[in-house]
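I opened a notebook page for this structure. I wanted the sheets, the overall fold and the ligand site on record.

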Amino acid sequence: MERKEIVKYYEKDGFRVIWKPAKCIHSEICVKTLPKVYLPDEKPWIRPEAASVQDLKDQINRCPSGALSYDTKEPEKMEDAQSAGTEIQVLPGGPLLVKGKIKLTATDGKIQETEGNTALCRCGGSKNKPFCDGSHKTLDFE
Ligand code: SF4
Ligand code: FES
């Protein structure tokens, strides 16, 4: 059975920022990097019109959890993303960072497909397992 994930979109000139709140690990890299685009206390909280497409891409590629991603009308960019392999990185004191397309089967049999960055909880403290929700920062976890 497929689990329905909340996904929100913010568009500018054929470029679309994709926001998946359940994947956010609250690193705040987005807010610190582009404070005029990411306004956590306002609605809408993402304003892509406040930065260039290249600056948005550079920042979104640094989102460690995959909560932020983008799509564009440039087809070669999409092919590049789809042909990339899957990599796993262990973040010190934090989650397992999976880069690439994965199919994840939960203990209840529910299947979720993700691509881009996905942060999986390694500390056991996440309230959104198997995904990291940033709770490791409040635990004595190394
Ligand atoms: S995980 Fe991504 S979306 Fe969440 S705060 Fe960090 S950079 Fe922003
Ligand atoms: S590793 Fe981040 S909440 Fe567990």
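**First sheet**

I started with an open sheet of three strands, ordered E1-E2-E3 and paired antiparallel. The model is predicted, and I kept that in mind throughout. I looked for the edges next. They are E1 and strand E3 (68-72); each has a single partner strand, so one side of each lacks a neighbour in the sheet. I noted the twist too: it averages 25 degrees from one strand to the next.

Then I went through the pairs. Strand E1 (residues 8-12) runs antiparallel to strand E2 (residues 15-19), with five bridges between them. I picked out one bridge in this pair: Glu11 has Arg16 of E2 as its partner. The two strands make a hairpin, with two residues between E1 and E2. In that turn I found Asp13 with a positive phi of about 50 degrees.

On to the other pair. E2 and E3 are antiparallel and joined by five bridges. Here I found Trp19 opposite Leu68 in E3.

**Second sheet**

I found another open sheet of three strands, in the order E4-E5-E8, again with antiparallel pairing. Strand E4 (87-90) and strand E8 (117-120) hold the edges, each with a single partner strand, so each has one side without a neighbour in the sheet. I recorded the angle between neighbouring strands of this sheet: 20 degrees on average, direction ignored.

I checked E4 against strand E5 (residues 96-99). Four bridges join these antiparallel strands. One partnership I wrote down is Glu87 with Lys99 in E5.

**Whole protein**

I stepped back and counted elements. The protein has three helices and eight strands. Read from the N terminus, the order is β-β-α-α-β-α-β-β-β-β-β. I compared the radius of gyration, 15 Å, with the globule rule, which gives 14 Å for 142 residues; the two are close, so the protein is as compact as a globular protein of that length. I also took the extent of the C-alpha trace along its principal axes: about 40 × 30 × 25 Å.

**Ligand site**

Which residues come nearest to ligand 1? I listed Cys24, Ser27, Glu28, Cys30 and Cys63, out of 13 residues around the ligand. I sorted the shell by character: nine residues are nonpolar, three are polar and one is charged. Last, I looked up the space that ligand 1 takes. That space is the second largest pocket.

How values were computed
Residues numbered from 1 in each chain as written. Chains lettered and ligands numbered in written order. Predicted model: local features only at pLDDT ≥ 70, side-chain atom pairs only at ≥ 80, totals over all residues. Heavy atoms only, no water. Near = heavy atom within 4 Å. 1 Å grid on protein atoms, 1.4 Å probe; cavity = no way out; pocket = protein on both sides within 12 Å on 5 of 7 lines; lining within 4 Å. Sits in = over half its atoms within 2 Å of the grid points. Nonpolar A, V, L, I, M, F, W, Y, C, P; charged D, E, K, R; others polar. Pairing = 2+ DSSP bridges. Axes fitted to C-alpha atoms, helices over the stretch in contact; angles between N-to-C directions. Rg over C-alpha atoms; globule rule 2.2 N^0.38 Å.
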